[in-house]
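Colleague: Could you walk me through this one, please? I am new to reading structures, so plain sentences would help.

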Amino acid sequence: MTRKKPEELRSHRWYGVKDLRSFGHRSRTAQMGYHRSDYAGKPVIAIINTWSDINPCHSHFKQRVEEVKRGVWQAGGFPVEMPAMSLSEPFQKPTTMLYRNLLAMETEELLRSYPADGCVLMGGCDKTTPALVMGALSMNLPSIFVPAGPMLRGDYKGAALGSGSDTWKYWAELRAGNISEQDWQDVEDGIARSPGHCMTMGTASTMTSAVEVLGLTLPGAASIPAPDSRHAQMASLSGKHAVEMVWQDIKPLDFLTPASFDNAVTTVLALGGSTNAIVHLIAMAKRAGIGLTLDRFDQLARRTPVLANLRPGGKFLMEDFFYAGGLRAFLTRLTDLLDLSQHTCVGKTLGDNIAGAVVHNDEVILPRDKPLLPNDGLAILHGNLAPNGAVIKPAAMEAHLRQHTGPALVFKDYQDMADRIDDPDLDVDKNSVLVLQSAGPQGAPGMPEWGQLPIPQKLLKQGVRDMLRISDARMSGTSYGACVLHVTPESHIGGPLALVRDGDMIQIDVQARRLDLLIGHAELAQRRAAWQAPSVKFTRGYGKLYLKHIQQADKGCDFDFLEPDDESARQHLPPGEPEIH
């Protein structure tokens, strides 16, 4: 394999030439205490670090970044840490999804505008992973991802707690009067015990697993718990490998293909992964010039068994998954459904990366003949209520609701729902269909995780724990229930969801992949003609830019101006480089 020469490095244009600009670059580097021998002729590795004091999922990144730097130094590179926006799922309002594309833009522009030959991407909290990858794919430098890793199991009176999933569970029990305030406090104190992202198969582990299967991490990286010493070792080894990727000029668009994304989708489905993966993987694929559609998710779902016995659909947590063999072992049970010839950032194929892995616990990673579900980890629905598609997670819902007809109870927005959901006089029963409007990309704005609408309190007290809920919002990957999500077009732009009224009959048939509003064409047309567009949510700043350019959920919710044009997609060329004078 031909290796780059030092003068062929991208950073050579900043540091290696003899002109006035390079004098400034070198003298200012000396100002920071570095000698020319620290960087001359060496790959500059940008470490895009999303640490922040308000992101608990990444609280260990202060230490991990030092381990990444150590690896870069040991391999003969020059590490440069570049802090980037931290998307903290527990804290950022109205939703981190509003800012995913902003982090993607920041990542791309950091890599373009500074002397980076390659990069290490440090993320894990839900939207951080796709954002970093989207930006890196658009820039197309040698890139490797360091996942934050899941936190340790939670604990409540000796029982294991899973973040998100058990939050919703015990919140429902509190509202039903079945547990005390002290019980609720004990859950709060024990559910998050270490650094790291959610330890259920939520969006975080779904996306880091998908990124590993795409070939953008070291083999086995996504499953390691954040506090485990092997996680620190992985960080250091990733730094080392980033240097080698630069010398070998291994760039993501050199090996990512439609088959790579099929592998990622198949893995997400077999893991019982988050519905959010649909939006993110579509956006990531488009950045690579690859068309991934809702229909492709549904095609693969019909053939893919759910083999990960992980919450929210199953029993165990990510720590158990790691001890059972982790993602590498898990993939050995899917070999006939994967294209193992796809290449990865380590210069080997996916098949090479999982060779020798062994499952150590058949209860956690289920055998093919004992799946959690034989297929349909996710399902894509169409019908007159979702002309461009909607998504549901059959594994996380009560089976009797997979075919259901009931009267709509409509909430015009989130505040309306919050104000009325526990009203004892609410006209609702277990057969009702809860409908939330104005929760999509434009409507909320930002498409928050409001899709797991709460069960009305009076029904909780009757023992009801699931009912059909429909919205144009998303749902946390840690959530569960019969929740139809990502309805497109969204209600805020006049999609059919905006036209639903209280008492309208709604019919779902998951097996038939249908979601329909049972009213006549003439009535629907009359309502559409009377519909009036809501007021604009933002009039300035990033919000105004967002509303002008955001695409719908079935298109990945990326900005229209960030997708590659046909020419750059076909040739796998990054956008224009800065001029160095």
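**A walk through the model**

Modeller: Let me start inside the protein, with Asn 140, which is buried at a relative accessible area of 2% (buried means under 20% relative accessible area, exposed over 50% and partly exposed in between, with a 1.4 Å probe and protein chains only). Please keep in mind that this is a predicted model, in which local features need pLDDT of at least 70 and side-chain atom pairs count only at pLDDT 80 or more, while totals for chains, interfaces and linings use all residues. Residues are numbered from 1 along each chain as its sequence is written, and side-chain values use heavy atoms, with hydrogens and water left out.

Colleague: Where is Asn 140 found?

Modeller: Asn 140 sits in the loop between helix H6 (128-139) and strand E4 (143-147), where helices (H or I, at least four residues) and strands (E, at least two) are DSSP runs numbered from the N terminus. Asn 140 also has a positive phi of about 60 degrees, although it is not a glycine.

Colleague: And what about the phi of Met 447?

Modeller: Met 447 has a positive phi of about 55 degrees and is not a glycine either. It lies in the loop between strand E10 (433-436) and helix H19 (457-460), and Met 447 is buried, with a relative accessible area of 1%.

Colleague: Changing topic, which peptide bond leading to Pro 94 is cis?

Modeller: That is the bond from Lys 93 to Pro 94, with omega near -5 degrees, and Pro 94 is placed in the loop between strand E2 (78-83) and H5. The bond from Arg 311 to Pro 312 is cis as well, with omega near 15 degrees, and Pro 312 lies in the loop between helix H14 (294-301) and helix H15 (318-323).

Colleague: Let's look at Asn 49: is it buried or exposed?

Modeller: Asn 49 counts as buried because its relative accessibility is 4%, and it belongs to strand E1 (residues 44-49). Leaving aside neighbours within four places in sequence, the residues in contact with Asn 49 include Phe 61, Glu 81, Pro 83 and Met 122, where contact means heavy atoms within 4.5 Å.

Colleague: How far apart in space are Asn 49 and Arg 64?

Modeller: They are 9.6 Å apart, C-alpha to C-alpha, with their positions 15 residues apart in sequence. For another pair, the C-alpha atoms of Ala 221 and Leu 327 are separated by 8.6 Å, although these two are 106 residues apart along the chain.

Colleague: How many aromatic pairs are there?

Modeller: The search of the whole structure finds 15, where rings of Phe, Tyr and Trp (its six-membered ring) pair if their centres lie within 6.5 Å, and planes under 30 degrees apart count as stacked, over 60 as edge-to-face and the rest as tilted. One of the pairs is Phe 322 with Tyr 323, which is tilted, at 5.9 Å centre to centre and 55 degrees between the planes. Phe 322 is buried, with a relative accessible area of 15%, whereas Tyr 323 is partly exposed at 43%.

Colleague: And which residues form one aromatic cluster?

Modeller: Tyr 15, Tyr 34, Tyr 39, Trp 73 and Phe 78 do.

Colleague: Last one: what does the protein look like overall?

Modeller: The protein has 22 helices and 14 strands, and of its 581 residues 61% count as buried. Its C-alpha trace spans about 75 × 55 × 45 Å along the principal axes.
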